[in-house]
Amino acid sequence: MTKLLENTYRMINVGLVNELAIMCERLGVNVWEVIEAAATKPFGFMKFTPGPGLGGHCIPIDPMYLSWKMKEVNYSARFIELASEINTNMPRYVVSRILEALNDRGRTLKGSQVLVLGAAYKPDIDDVREIAGPGRDRIADEERRAVTYHDPYITELHHETEGWRLESVKDLMAAVRGADAVVIVTNHKSYDYRAILAEAKFIFDTRNALGKLADSEGKVVRL
């Protein structure tokens, strides 16, 4: 139960900031600035950040086990179920935001070359367990939409059931230059974000990886 509490605490707080990101976008407020300002409080606040979807073996799974277990004793774990709904919807929300951003630039997702940066569920590891980001959700559509990915730690993605397989692009900067949209899904520290920003036509940053590098000319859209 201690393990379940710790994982559920994180899952619910991630759900909270994911919903906050959606609300801030509607209000025209920079959610990343809001979180950084809140984190200056010296007590009573723990910083969580939004993202394109949950991953890993613990946070997406353990709270749902607890929710399932409670149904055996006729109890509805409402916090868990609501947070799960919000978190599960984040990949779809990110894709909708990418679509809107492309439309604003006179393009559609179909027919556009999209490069996804990062496939791991968190930075600087090679773990793809339970990943739910827009990269994996949309790679199955590669015959219809030109989606490629790059990850310095993961050379290949595959899905046995759906039968697709994709290799990480070899020449990252060539792929960046050739993409209509670069989507940062995992903020690996090894990426040269300054160089990527200079070469990319458009970047959708789901992790605020660019931070203060984000330009003021409309090339970068943040979650």
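Guide: Helices here are DSSP runs of H or I with at least four residues, strands are runs of E with at least two, and both are numbered from the N terminus. You're looking at a predicted model, with residues numbered from 1 along each chain as its sequence is written. Local features need pLDDT of at least 70, side-chain atom pairs count only at pLDDT 80 or more, totals for chains, interfaces and linings use all residues, and side-chain values use heavy atoms, without hydrogens or water.

Visitor: Which elements each supply at least two residues to the lining of the second largest pocket?
Guide: A pocket is an open set of points on a 1 Å grid over the protein atoms alone, where a 1.4 Å probe fits and protein lies on both sides within 12 Å along at least five of seven lines; lining residues have an atom within 4 Å of a point. Of the 15 lining residues here, Val29, Asn30, Arg97, Arg222 and Leu223 are the closest to the centre. The elements you're after are H1, H2 and strand E7 (220–222).

Visitor: And what is the volume of the largest pocket?
Guide: Its lining runs to 25 residues, with Val14, Thr49, Tyr121, Lys122 and Arg207 nearest the centre. Helix H1 (2–27) and helix H2 (31–38) are the elements that give two or more residues to that lining. Volume here is the space filled by probe spheres set on grid points joined across faces, edges and corners, and for the largest pocket that comes to about 660 Å³.

Visitor: How many charged residues line the largest pocket?
Guide: Asp, Glu, Lys and Arg count as charged; Ala, Val, Leu, Ile, Met, Phe, Trp, Tyr, Cys and Pro as nonpolar; the others, Gly among them, as polar. The lining has 10 nonpolar and 9 polar residues, and its charged residues number 6.

Visitor: Which element gives the largest share of the largest nonpolar core?
Guide: Such a core is a set of buried Ala, Val, Leu, Ile, Met, Phe, Trp, Tyr and Cys residues joined through side-chain atoms within 4.5 Å. This one has 29 residues, with Tyr149, Phe202 and Phe204 touching the most other members. Elements giving two or more residues include strand E1 (113–117), strand E2 (146–150) and helix H4 (78–104). The largest share, 6 residues, comes from H4.

Visitor: What is the angle between the planes of Tyr9 and Phe48?
Guide: Rings of Phe, Tyr and Trp (its six-membered ring) pair if their centres lie within 6.5 Å, and planes under 30 degrees apart are stacked, over 60 edge-to-face, the rest tilted. Tyr9 is in H1 and Phe48 in the loop between H2 and helix H3 (62–71), 39 residues apart. Their centres are 5.9 Å apart, and the pair is edge-to-face, with the planes at 70°.

Visitor: Is Phe48 buried or exposed?
Guide: Buried means under 20% relative accessible area, exposed over 50%, and partly exposed in between, using a 1.4 Å probe and protein chains only. Its partner Tyr9 is partly exposed because its relative accessibility is 40%. Phe48 has a relative accessible area of 11%, so Phe48 counts as buried.

Visitor: Where does Asn74 lie?
Guide: Asn74 has a phi near 60°, a positive value in a residue other than glycine. With a relative accessible area of 74%, Asn74 is exposed. Asn74 sits in the loop between H3 and H4.
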